[in-house]
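Subject: Structure handover

Hello,

Here is the structure I promised to pass on. Please open it first, then read my notes below.

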Amino acid sequence: MERTLITTSGASGRNDAHVARLLELYRTMARIRAFEEAAEAAVGAGLVKGVVHLSTGQEAVAAGVCLNLTRTDLITSTHRGHGHTLAKGADPRSMMCELFGRASGICGGKGGSMHIADFGIGMLGANGVVAAGIPIAVGAAHAMKLSGEDRIVVCFFGDGAINRGPFLEGLNWAKAYGLPVLFVCEDNQYSATTCTAQVSAGAGPLARARAIGLDGLEVDGNDVVAVDRAAGELIRRVRAGEGPMLLHARTYRIKGHTSSDPGAYRSPDELAAQIARDPLQRAARMLVELGVQPDAIQAIERAAKDEIDAAYAAAAAAPWPEAMHAFSDVQDVGAGQWR
Amino acid sequence: MAVMTYAEAARQALRDAMRRDPRVVAIGEDLGRGGVFGQYKGLQQEFGAHRIIDTPISEATIVGAAVGMALVGHRPVVEMRIADFALCAADELVNQGAKARYMFGGQGRVPLVVRQPIGIWTGFAAQHSQSLEAWYVHVPGFVVVAPSTPADNYALLSAAIRCDDPVIYMEHKELWATSGDVPDGYDAALGKARIARPGNDLTIVTWSKAVHLALEAADAAARDGLSVEVIDLRTLWPWDRETVFASVARTGRLLVVHEAVQAAGFGAEIAATVAECLDGELVAPVRRLGAPRIPVPYAPPLEDAARITAEQILAAARQTVAATRRRRSAAE
Ligand SMILES: Cc1ncc(C[n+]2csc(CCOP(=O)(O)OP(=O)(O)O)c2C)c(N)n1
Ligand SMILES: [Mg+2]
């Protein structure tokens, strides 16, 4: 199959479409990058409590996968979920308000960064528990199958998550019932401060998936075009009813595990080599090679930054939730009986 | 010994135990880098990666494997990071670790320590802030410990590692940096409470971080002439009835305070037992103060609604005293 879209020779219509798509991917990545930088600054300024898990450096996975989804498709995410949420179409202002714990946050301030969710755009939740999103995604896909809907589910998780039981159980279930779900292992090489390879056996997530009959692809997760293409291919097959698939995207977490982790366990050489693979810079270079003016690229970055700056300012000025809100949405039966 | 933090005290206890006994090993995620709270810092350098074992994110197998090690004579200390993640190993804890000795007619022992930090972790919300100690007290087979000071973290972790039963060992996430004196030779037995502050008018029974809030409330109460005794229970199972009963028999009043959700919290057990056994000694209704039955929310004004405070403890103490009636035995 000829899938090399980057070549420009003689196919200018196709090239225009390719440039437009890459610009769209770049815009999403720039918005995620700007969001993560603002979130990091907000933690530093004491405006966001606890910690945030930044996806800086991993933007291409979220952007490349989610561009292949419709608004009604579903995703589950992880503790490192800002990028997935934005790429799926959430409003950065209500996301930022959630991080700031304000009443206008997507979850009314109850969840914060680690529990961000936006059901309106099919984002079924970040998760504070590693691998916990996997069975939930499988269940959502099972429901789609039961109700005969054509929506699919994308399940994002990290390389560390494949060592928890729900990974095996979820993949088996999805395959046994032939469910419409794409598993996306976003492999940044680390499980918190531990190098995942040091505590993992075998050839990785795709080999494990293949052992239980799932097809899949491995991709350079810092090459947004490659991610888009691989995810697009797998999602096409999932939509066609071929059952669950797995995408293994190799990427890297430029920041520490959390905003309070300096990541000192990584050598400066390792970090420098990975920063040189920065997915935004690589996409920007591709755009320039395709004839896009640097000004246009900078304009995208500026627009992203402006949008996120506005979200930050709005969040900082937004009202706090009323304390009584802590008591809503616990449960229906027995509500009001707090002690 | 020295003034040290709660984290340092725990580290020293594990270090001493590992030096003493080659069967002691520690198992968990990110231990080689010192653990989430620095409580393992330097231990892998001293004891090697074969005794301070870095694991994959596999809670069920961390606990299950530790049960297996324990059954064949090792003494594993397992780190769950926080109590919330131990739920990923519920079967291995409750169906396996707690029951193996009993089911197998006493053939095997499970000398296992499962460290599960509890408590609200500011800004970490619902899945990182739970205090689930009562769940484990409910399961036959477990010893349940919740230290509040560096000295007790040293002595009780030492005792837990020496203990041949499975011990659920619950440090508090917001106590790691607190410091205090750990006197040389300081010892604390499992199952023994500590009178953290003597008093005559009211007994407060509490544990973990709430001990510090209760002491704050007791200070404030003393300023209006109310003398509050604060008992740090330290071990939740088996709990020190003797110390609690002796105190309540003297003060005639009991308030149980814990950070965990009040409903079906361990305070209910203490309150019920005291009501059953000391009815004639009580001059006021037994009271409990725990958190409202809501998940711990993220935003600061919401999170505050899930916390118990020194002010609330003081108010509950005053209400208990205000509800004083005649001693029932005297009325007869
Ligand atoms: C069941 C469980 N165990 C441990 C943790 C603590 N924890 C949070 S993130 C993390 C690392 C996860 O690694 P990975 O899945 O690769 O995701 P990444 O952080 O690299 O995005 C760990 C151990 C948790 N949240 N849940
Ligand atoms: Mg990872």
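Start at the ligand. Around ligand 1 there are 22 residues, and five of them come nearest: A:Val130, A:Gly158, A:Gly160, A:Ser191 and A:Ala192. Keep in mind that this is a predicted model.

Where does ligand 1 lie? It lies between chains A and B. What classes of residue make up its shell? The shell around ligand 1 holds 8 nonpolar residues, 8 polar ones and 6 charged ones.

Next, the contact between the chains. Chain A gives 33 residues to it, and chain B gives 31. On the side of chain A that touches chain B, 14 residues are nonpolar, 15 are polar and 4 are charged.

Now look inside chain B. The domain assignment splits chain B into domain 1, residues 2–182, and domain 2, residues 194–331. Their C-alpha centres are 27 Å apart. The two domains of chain B do touch: 25 residues of domain 1 are in contact with 22 residues of domain 2.

Which elements of domain 1 give two or more residues to that side? In chain B they are helix 7 (133–137), strand 6 (143–145) and helix 8 (150–162). By class, this side of domain 1 of chain B has 15 nonpolar, 7 polar and 3 charged residues.

To browse, I would go in this order: ligand 1 between chains A and B, then the contact between the chains, then the two domains of chain B.

Best wishes

Terms used
Residues numbered from 1 in each chain as written. Chains lettered and ligands numbered in written order. Predicted model: local features only at pLDDT ≥ 70, side-chain atom pairs only at ≥ 80, totals over all residues. Near = placed C-beta within 6 Å. Nonpolar A, V, L, I, M, F, W, Y, C, P; charged D, E, K, R; others polar. Domains from an automatic or database assignment. Contact = placed C-beta atoms within 7 Å. Helix = DSSP H or I, 4+ residues; strand = E, 2+ residues; numbered from the N terminus.
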